[in-house]
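Open the structure in your viewer and keep the selection tool at hand. We will go stop by stop.

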Amino acid sequence: MLAYTAKRLLTLIPTLLAASILVFLFVHLIPGDPAAILLGDTATPEEVAQLSAEMGFDRPLHVQYFIWLGNVLQGDLGTSIFFRQPVLSVIGSGAETSILLASMTMIWIILIGLPIGILSATRQGTWIDQITSSGAMLAASIPTFWLGLYLIMIFSVTLGWFPSSGFPSLSDHGGITNLRYLLLPSLTLAAPNAALIVRLVRASMLDVSREDHVRTARAKGLHPTRVAIKHIFRNALIAVAAAFGFTFAALISEAVVTETVFSLPGIGRLVVQSILRRDYPVIQGVILVIVVLYMVVNLAVDLAYARLDPRVSLK
Amino acid sequence: MALLEVQDLEIAVRTKGKLLPVVQGVSFDVDDNETLGIVGESGCGKSLTALAIMGLLGGTTVRITGGNIRFDGMDLLTLSDGERRSIMGNRMAMIFQEPMTSLNPVYRIGDQIIENIRQHQKMTNAQARDRAVELLSLVRIPNPSERVDSFPHQMSGGQRQRVMIAMALSCDPKLLIADEPTTALDVTVQKEVLDLMADLQTRMGTAIVLISHDLGVISETCDKVAVMYRGRVVEAAATENLFAELAHPYTRGLLNSIPVVDSDVDWLEAIPGRVPTLEEELTGCAFHPRCALVTKLCATSVPQETEYKPGHSVRCHFSGKVAP
């Protein structure tokens, strides 16, 4: 297991390097002088020339890359044009919201997706299966922005149970109860992904239930519930674990929409605003952070995979 | 009273809203320490019969429509699910045709044996583990105290089948049902597994129902034989008697299709045609389209089970005429 982990960590390095080159080139791929782009329409030629020299845009591209990479490795992602602050601290200010939102969403996906998927598979063909399967289909088809707006209308505007927008930090007044601000957004984000997991759990469990070893388990005289959980679900989990990596990728893009709908001060909304403000260093920084995060999550999924399936790590 | 008594067992498959009979009027019994072989081609209903005895007929599509199965004095078909489960894997155990896939790939083999033991016996995990090691050494797995922690993919097909046997024997069953236990194995491994089963039977007095399409395997290991064709037992007798005088043309056809090393025959005899599918409606004897002795009578009337010799029953209108 340790050797496998080390091997997987090593394979991250070339991927990270490739990603860093793409992120670095991002500013240079936009046609025109990067300094002019960074400064916007109102800049004078003198200002452009000054920034160009300051940022090193007049040097050869590969030199610029290594300087940039050196800075990144030291935690310096540049300075936000809009905020006049280091990019890292701008991203950091949105991190609390986004991390809490993502965690709550993941918890919903697991709490809703797995049990309903198991129920649907073990009651295959009954009315329970019909209801859960069509419910999952519906949840998977609803666009997140639409669901978000609907939840706001019902639970915030009409019923007044939950706040409709914003998120004060957990360290602010209200403490842990501030999580109620994230309830509707996290449910919105979780719905389509939980639906996906429901369908996946159901399909994999039905697949596994036809395997020979399940017949062996039944021949032991085990209770059907034990056969379903310990033998069928446990094997189905291997396929489901792999899907969590994709779910995470989907979460990132869906979070951009959801944070905008619910006006949450998270990284998703930061990206949208930075694009509108042409704050390229921030966009660059966020992309880099997301790439690293995505790779870490997928590494975790791979390790979980090896842990779930003893046939993997030994190869 | 025999340990296992199957009487007039009927099994039907539901397809397209119709119930098609796949096993009809099958009867046999097995005593302690006795081995019954059930032989026949694919699709003759032998595996379904075994699954029905074990209680593993799955779902709503295949079900028992008649007859009864008595085991150790109990009527199995009237027991509750819970009572039935307390017998499965305990007093009655089964091993399957596919050793490569019959073990759960994500659990260590020891844990899979322990699960079976602790399902039926009050034992701590440590006690059950000791018992698992003991069982593995009984089925001649080398280094059992280490191999108990192996995963199935770390073992060969023959070893996995031994593990299945160890698991089946873990609660000292009175009846072991083996459905083509050696079909997926190499010939040399086949012999080892069959010898192992015979050896364990002598030691423990287990009754065995051995299902096979291989008359050679049956003749070497079984005390008595039931030959099945399209859902019916067409011939049944003690092994010696059956091979001394084959009363049914199908049994004879099966035997003639086995190559014999020392013979001068250039061509092997094959039974012409194939087993009719369930959808094909057949009148009379199910074997008549393939039978060399067929007459008008065979096409119209189903032969009843008759006693050919004492203890040797057959379903054929012309049973006497096929004797060598």
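## Two helices in chain A

H7(A) and H10(A) are roughly parallel to each other, because angles under 35 degrees count that way. This is a predicted model. Select helix H7, residues 144-158 of chain A, and helix H10, residues 224-261 of chain A. Their axes cross at roughly 30 degrees and come within 9 Å. The crossing of H7(A) past H10(A) is right-handed. Now show side chains. On the H7(A) side, pick A:Thr144, A:Phe145, A:Gly148, A:Leu149 and A:Ile152. They meet A:Glu254, A:Val257, A:Thr258 and A:Val261 of H10(A).

## The four-stranded sheet in chain B

Move to chain B. Which order do the 4 strands of the open sheet take? The order is S2-S1-S4-S5, with antiparallel pairing. Select strand S2 (18-30) and strand S5 (74-75) of chain B. Both stand at the edges with a single partner strand each, so one side of each has no neighbour in the sheet. Next, select strand S1, residues 4-15 of chain B. S1(B) runs antiparallel to S2(B), and 9 bridges join them. For one pair, pick B:Leu9, whose bridge partner in S2(B) is B:Val26. Add helix H1, residues 46-54 of chain B, which packs on this sheet. H1(B) touches S1, S2 and strand S4 (62-71) of chain B. Its direction makes about 110 degrees with that of S1(B).

## The eight-stranded sheet in chain B

Stay in chain B. Here 8 strands form an open sheet with mixed pairing, in the order S6-S7-S8-S3-S9-S10-S12-S11. Its edge strands are S6 (92-95) and S11 (306-309) of chain B, each paired on one side only. From one strand to the next, the twist averages 20 degrees.

Select strand S3 (35-39) and strand S9 (224-229) of chain B. They pair in the parallel sense over 4 bridges. B:Leu36 has B:Lys224 in S9(B) as its bridge partner. Helix H7, residues 187-204 of chain B, packs on the sheet and touches S3, S6, S7 and S8 of chain B. The direction of H7(B) makes about 160 degrees with that of S8(B). H1(B) also lies across S3, S6, S7, S8 and S9 of chain B, at about 145 degrees to S6(B).

## Last stop: one serine

Select B:Ser170, in the loop between helix H6 (157-169) and strand S7 (175-179) of chain B. Is B:Ser170 buried or exposed? B:Ser170 is buried, because its relative accessible area is 1%. A polar atom of its side chain lies 2.7 Å from the backbone oxygen of B:Met167. Farther along the sequence, beyond four places, the contacts of B:Ser170 include B:Ile113, B:Asn116 and B:Arg131.

Technical notes
Residues are numbered from 1 along each chain as its sequence is written. Chains are lettered from A and ligands numbered from 1 in the order in which they are written. This is a predicted model: local features need pLDDT of at least 70, side-chain atom pairs count only at pLDDT 80 or more; totals for chains, interfaces and linings use all residues. Side-chain values use heavy atoms; hydrogens and water are left out. Buried means under 20% relative accessible area, exposed over 50%, partly exposed in between (1.4 Å probe, protein chains only). A polar contact is a pair of N or O atoms within 3.5 Å; within protein, one must be able to donate a hydrogen and the other to accept it, and residues adjacent in sequence count only if both atoms are side-chain atoms. Contact means heavy atoms within 4.5 Å. Two strands pair if DSSP finds at least two bridges between them. Axes are lines fitted to C-alpha atoms, for helices over the stretch in contact, and angles run from 0 to 180 degrees between N-to-C directions. Angles under 35 degrees count as roughly parallel, over 145 as roughly antiparallel, 65 to 115 as roughly perpendicular and the rest as oblique. A crossing is left-handed if the near helix is turned anticlockwise from the far one by less than a right angle, and right-handed if clockwise.
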